[in-house]
Number of protein chains: 2
Amino acid sequence: MSQGYSVAVAGATGAVGREMLRVLEQRSFPVSSLRALASERSAGTRLPFRGEEVAVEALREGSFEGVDLALFSAGGTVSRRVAPAAARAGAVVVDNSSAFRMQPGVPLVIPEINPDALAGHEGIVANPNCSTILFLMAVHPIHRVARIGRAVVASYQAVSGSGQKGIEALRSEMRDLLEGREPRAGLYPYPIAGNVLPFVDRILEGGHTPEELKLHSETTKILGDPRVKVTATCVRVPVERAHSEAIHLELERKITADEARALLGAAPGVRVVDDPGRNLFPTPRQAAGGDDVLVGRIREDLAFPTGLALFAAMDQLRKGAALNAVQIAEELIRRSLL
Amino acid sequence: MSQGYSVAVAGATGAVGREMLRVLEQRSFPVSSLRALASERSAGTRLPFRGEEVAVEALREGSFEGVDLALFSAGGTVSRRVAPAAARAGAVVVDNSSAFRMQPGVPLVIPEINPDALAGHEGIVANPNCSTILFLMAVHPIHRVARIGRAVVASYQAVSGSGQKGIEALRSEMRDLLEGREPRAGLYPYPIAGNVLPFVDRILEGGHTPEELKLHSETTKILGDPRVKVTATCVRVPVERAHSEAIHLELERKITADEARALLGAAPGVRVVDDPGRNLFPTPRQAAGGDDVLVGRIREDLAFPTGLALFAAMDQLRKGAALNAVQIAEELIRRSLL
């Protein structure tokens, strides 16, 4: 292993998969050989990696012979079908889908928060949902000292959450708008350009979306604390690639905005952007392309005695998906678990 | 008065002022004569009204001789300077700015909610802020039967809240984006196209925006109930003219989503749009140009025992400003207070 690891990326041609290749390269991840895997239809596509090109191969159950690390981002159905075979073949799978997140024996990990959970892995590690990563990166440093009782989250989610086709749909609809035409809704039931859509994924019986339920269930699993209650409204907005969240916390004890700023300022992976006098606050355009979770608008709540409010933004394709997955792999190496 | 009222619109050339003329015409408000007033710079502009054109006159303190009803939407500074003179001249002022809203003796009115407050007016009636109108129209029918203890609001506010120049800035920045240029932020400190900006108006000492504080203070004045606590994060989104809000309520007693739907369905000015199976939920594009406040995504909160969540959208220039002002005037006539 001294020269590195044999790495496979499943779903390599998707928006997250392409970002995984970039992150592996940018972080000089010790890759001895790279296998880019995608659907039959994408086989033969060439993807840039370390100044060369990698030819995409069709993803099969047998694609993982000799693979040490398999990064999956090909959707839940593919993960459920293929990831167990990859693990049986000896690869450690870091899966970006929701397929295994809540399964016992599958660590659900944000490396800055619960790296110790990796110890018990049985071949599959799950990457949390992007909305959960953004939320927890922005509140965990506060939770550690003042414990969150309840949290209310409203999201402002980018179209890249729907993959490359989300970005293309937004651009095409914006063109319609500017040319005075009613945008032709392609990807979503209504246009997303000049609009916001109050759902992500789909709406279940009972009226919640899976995205909203994940914010609660994944948070309790990652924190190992079922007392933390999270409620959310998830909304798609016409932004290309970074998600934002308005977060209102009810804490067990009052902390001041200055204390919160100090805690967040010392947290790895978090950057405090919070100086209204200089027009500094987080926006998704600032977060796009970067690794940090930006946090600002930190303020004590006037309506709730132990309340604290803040606004956070994060590149959804990087820390919300590809970067967190690669950081999990780095942590596995550090702990000799890969 | 049998042939109608002499009406003045102050700020007639702005986005809200133009909408006021449209609403007066569409609702066949009994106008015997119309005076369109604006800044010196706009004097001479011709505005359409009832198939004819009205020439804009420069707004002066003396502009209100013989005027029965003065609809103001020219900003707080102008209102503070001129509205008291208009009232002294005998006009009843309905003011859309924040200048007088919290002043004792000035009714702050949403006609569907607290029309009785008009009785005590002393010449000036205030129109609530658009965010407050949207919030209260969407929750008041529930509050009446189950009392709101606490509410958390996250807004998705259209650029028309910044007037016509907001709409123009968004279009011009969208053009930049589509042509591959970094959008030139004109109106706001950062681009609004392809972005969201987590503030409306400005950020005060303490970290709150006036928009957020108004949601609490105006709500308690309109409901006449200081026990209701509202906390908010107000966010500008790249939408042209309708505001939306994600609203999470903690009620004094549990009500089901079906009960909430029935209460909202019976409320004047509210339209329930809530059938996920048929892709029915509110969006700002659906609300734009219409009079109703659209409410959907109604669901019982899984994290909070007496919680209820919903999503609402409303044309900010109509029910959020011009329509509510004209409805106030209609209610004044009905009560012989004009």
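A salt bridge is a side-chain nitrogen of Lys or Arg within 4 Å of a carboxyl oxygen of Asp or Glu. With that in mind, select B:Asp225 and B:Arg227, whose side chains meet in a salt bridge at 3.1 Å, N to O. The model on the screen is a predicted one, and B:Asp225 counts as buried in it, because its relative accessible area of 9% falls under the 20% cut-off.

**Salt bridges within chain A**

Keep the same kind of contact in view and widen the search: over all chains, the whole structure holds 62 salt bridges. Select next A:Asp116 and A:Arg335, which form one with their closest N and O atoms 3.0 Å apart. A:Asp116 lies in the loop between β7 (92–95) and β8 of chain A, while A:Arg335 lies in the segment after α8 (318–334) of chain A, so the pair ties together parts that are 219 residues apart in sequence. Of these two partners, A:Asp116 counts as exposed at 54% relative accessibility, and A:Arg335 counts as partly exposed at 32%.

Move on to A:Asp292 and A:Arg271, whose side chains meet in a salt bridge of 3.3 Å, N to O. This pair links distant parts of the chain, 21 residues apart, with A:Asp292 in the loop between α7 (284–287) and β13 (293–300) of chain A and A:Arg271 in strand β12 (residues 270–272) of chain A. Both partners are partly exposed, A:Asp292 at 28% relative accessibility and A:Arg271 with a relative accessible area of 42%. To see salt bridges that share partners, select A:Glu19, A:Arg22, A:Arg241, A:Asp291, A:Asp315 and A:Arg318, which are joined in this way into one network.

**A parallel sheet in chain A**

Switch now to a ribbon view of chain A and look for six strands that form an open sheet with parallel pairing, in the order β5-β2-β1-β6-β7-β8. The edge strands are β5 (57–58) and β8 (124–126) of chain A, each of which pairs on one side only. Inside this sheet, strand β1 (residues 5–10) of chain A pairs with strand β2 (residues 31–38) of chain A in the parallel sense over six bridges, and if you select A:Val7, its bridge partner in β2(A) is A:Leu34.

**Where the two chains meet**

Show both chains together, and ask how many residues each one brings to the contact. Chain B gives 62 residues and chain A gives 62 residues, and between them the chains bury about 5300 Å², 65% of it on carbon and sulfur atoms. Select B:Leu178, B:Arg285 and B:Arg297, since these residues supply 14% of the area that chain B buries against chain A, more than any other three residues.

Eight salt bridges cross this interface, and B:Arg297 takes part in one with A:Glu212, where the closest N and O atoms are 2.7 Å apart. The count of residue pairs in polar contact between the chains is 28. Several elements of chain B give two or more residues to its side of the interface, among them α4 (164–178), α5 (210–223) and β11 (242–251), and β9(B) gives the most, with seven residues.

For a closer look at one residue here, select B:Thr231 in strand β10 of chain B, which counts as buried at 6% relative accessibility. The side chain of B:Thr231 makes a polar contact of 3.4 Å with the side chain of A:His248, and another, of 2.7 Å, joins it to the side chain of A:Asp301.

**A strand and its partners in chain B**

Follow chain B to β13(B), a mostly covered strand in which seven of the eight residues are buried. Three bridges join β13(B) to strand β12 (residues 270–272) of chain B in a parallel run, with B:Val272 and B:Val295 as bridge partners. Five bridges join β13(B) to strand β14 (residues 307–315) of chain B, this time antiparallel, and here B:Leu294 has B:Ala313 as its bridge partner. The strands β13(B) and β14(B) form a hairpin with six residues between them.

**A last stop in helix α1**

Finish at B:Met20, placed in helix α1 (residues 15–26) of chain B. Is this residue buried or exposed? B:Met20 is buried, with a relative accessible area of 0%, and beyond its close neighbours in sequence, up to four places away, it touches residues including B:Val9, B:Leu71, B:Phe72 and B:Ala325.

How values were computed:
Residues numbered from 1 in each chain as written. Chains lettered and ligands numbered in written order. Predicted model: local features only at pLDDT ≥ 70, side-chain atom pairs only at ≥ 80, totals over all residues. Heavy atoms only, no water. Contact = heavy atoms within 4.5 Å. Buried area = accessible area lost by both parts, 1.4 Å probe. Polar contact = N/O pair within 3.5 Å; in protein donor to acceptor, adjacent residues only side chain to side chain. Helix = DSSP H or I, 4+ residues; strand = E, 2+ residues; numbered from the N terminus. Buried < 20%, exposed > 50% of the residue type's maximum accessible area, 1.4 Å probe, protein only. Pairing = 2+ DSSP bridges.
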